[in-house]
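Biologist: I've got a structure on my screen and I don't know how to read it. Could you walk me through a few features?

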Amino acid sequence: MKVEDPGHLGPYTVAFVFALGVLVSNFPLNYAFMRKPVSGAPVSASDYLAGRGTLHLWGVVGGLIWGVGTISNFVASYVHMVGPATSYALGQGATMVSAVWGVFVWKEFRRAGPDVKRLLALMFVLFILGLACVALAPVF
């Protein structure tokens, strides 16, 4: 769909609808994961509220950063020069940045064997190639 097509949602409307979806899904999903966590003991809402204010503040700051990045991605996808495919590839680049930090900064795999290190190298190469293919798709 072209951006000029009538009846489409603009990037800020998409961001608003997305934010509503996050808000509506947040409460049941948080409740479910607090009652049946992936690991550890179940927690209650009072346990959550007992956390220090600075920890909650960091959560809000992280959410704001994520929100600004998401809205920027939506807006970039509507720019003719960038387009949806390139915008998506740029947004997925954040996953690559987190993988680089995990592997090279925090050294999460320092005790891994040679097979795992080969697979990590292959993951980096294939991920970058995949992002490049998605970003260049509109050109071809």
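Modeller: We'll go through aromatic pairs, a salt bridge, helices, a surface patch and some distances. Keep in mind that this is a predicted model.

Biologist: Let's start with rings. How many aromatic pairs does the structure hold?

Modeller: A pair of aromatic rings is described by the distance of the centres and the angle of the planes. The structure holds 4 aromatic pairs. Take Phe-18 and Trp-66: their ring centres are 5.9 Å apart and the planes sit at 50°, so we call this pair tilted.

Biologist: Which helices do Phe-18 and Trp-66 lie in?

Modeller: Phe-18 belongs to helix 1 and Trp-66 to helix 3 (residues 53–77), so the pair ties together parts that are 48 residues apart in sequence. Phe-18 is partly exposed, at 35% relative accessible area. Trp-66 is partly exposed too, with 48% relative accessibility.

Biologist: Give me another pair. How far is it between the ring centres of Trp-101 and Trp-106?

Modeller: That one is 5.6 Å centre to centre, with 50° between the planes, and it is also a tilted pair. Trp-101 is partly exposed at 41% relative accessible area, while Trp-106 counts as exposed at 54%. The cut-off explains the two labels: exposed means over 50%.

Biologist: Which residues do ring pairs link into a cluster?

Modeller: Phe-18, Trp-66 and Phe-74. You've already met Phe-18 and Trp-66 as a pair.

Biologist: On to charges. Which residue forms a salt bridge with Arg-118?

Modeller: Side chains of opposite charge can pair when their charged atoms come close. The structure holds 1 salt bridge. Arg-118 makes it with Asp-115, and their closest N and O atoms are 2.4 Å apart.

Biologist: Where do Arg-118 and Asp-115 lie?

Modeller: Both are in helix 5, 3 residues apart, which is about one turn of the helix. Here's the general idea: an α-helix has 3.6 residues a turn, so residues three or four places apart point the same way. As for Arg-118, its relative accessibility is 53%, so it counts as exposed.

Biologist: Now helix length. What should the 23 residues of helix 5 span?

Modeller: You reckon on 1.5 Å a residue, and for helix 5 that should come to 33 Å; the end C-alpha atoms are 33 Å apart, which agrees. Try helix 4 (residues 83–105) in the same spirit: its 23 residues should span 33 Å, and the C-alpha atoms at its ends are 32 Å apart, which agrees.

Biologist: Which residues of helix 4 are buried?

Modeller: Buried means under 20% relative accessible area. In helix 4 the buried residues are Gly-83, Ser-87, Ala-89, Gly-93, Met-96, Ala-99, Gly-102 and Val-103. Helix 3 and helix 5 (114–136) are included in what covers them. In helix 5, the buried residues are Leu-120, Phe-124 and Leu-131, and they pack against helix 4.

Biologist: What comes after helix 4?

Modeller: Look for Lys-107, which follows helix 4 and has a positive phi, near 50°. This is a positive value in a residue other than glycine. Lys-107 sits in the loop between helix 4 and helix 5, and it is partly exposed at 43% relative accessible area.

Biologist: What about the surface? Which residues make the nonpolar surface patch of about 720 Å²?

Modeller: Leu-9, Phe-16, Val-17, Leu-20, Leu-23, Val-24 and Phe-27 make it. Pick out Val-17, for example: you'll find it in helix 1 (residues 11–35), partly exposed with a relative accessible area of 45%.

Biologist: Last topic, distances. How far apart in space are Ile-65 and Leu-122?

Modeller: It helps to give the sequence distance and the space distance together. Ile-65 and Leu-122 are 57 residues apart in sequence and 30 Å apart in space, C-alpha to C-alpha. Ile-65 lies in helix 3 and is exposed, with 58% relative accessible area.

Biologist: And what separates the C-alpha atoms of Val-68 and Ala-15?

Modeller: Those two are 53 residues apart along the chain, and their C-alpha atoms are separated by 9.9 Å. Val-68 is in helix 3, and at 54% relative accessible area it is exposed.

Technical notes. Residues are numbered from 1 along each chain as its sequence is written. This is a predicted model: local features need pLDDT of at least 70, side-chain atom pairs count only at pLDDT 80 or more; totals for chains, interfaces and linings use all residues. Side-chain values use heavy atoms; hydrogens and water are left out. Patches are made of residues with over 30% relative accessible area and no salt bridge: like charges are joined within 9 Å, nonpolar side chains (Val, Leu, Ile, Met, Phe, Trp, Tyr) within 5 Å. Accessible areas come from the Shrake-Rupley method with a 1.4 Å probe; for residues, only the protein chains shown count as cover. A salt bridge is a side-chain nitrogen of Lys or Arg within 4 Å of a carboxyl oxygen of Asp or Glu. Helices (H or I, at least four residues) and strands (E, at least two) are DSSP runs, numbered from the N terminus. Buried means under 20% relative accessible area, exposed over 50%, partly exposed in between (1.4 Å probe, protein chains only). Rings of Phe, Tyr and Trp (its six-membered ring) pair if their centres lie within 6.5 Å; planes under 30 degrees apart count as stacked, over 60 as edge-to-face and the rest as tilted. The expected span of a helix is 1.5 Å times one less than its number of residues. Contact means heavy atoms within 4.5 Å.
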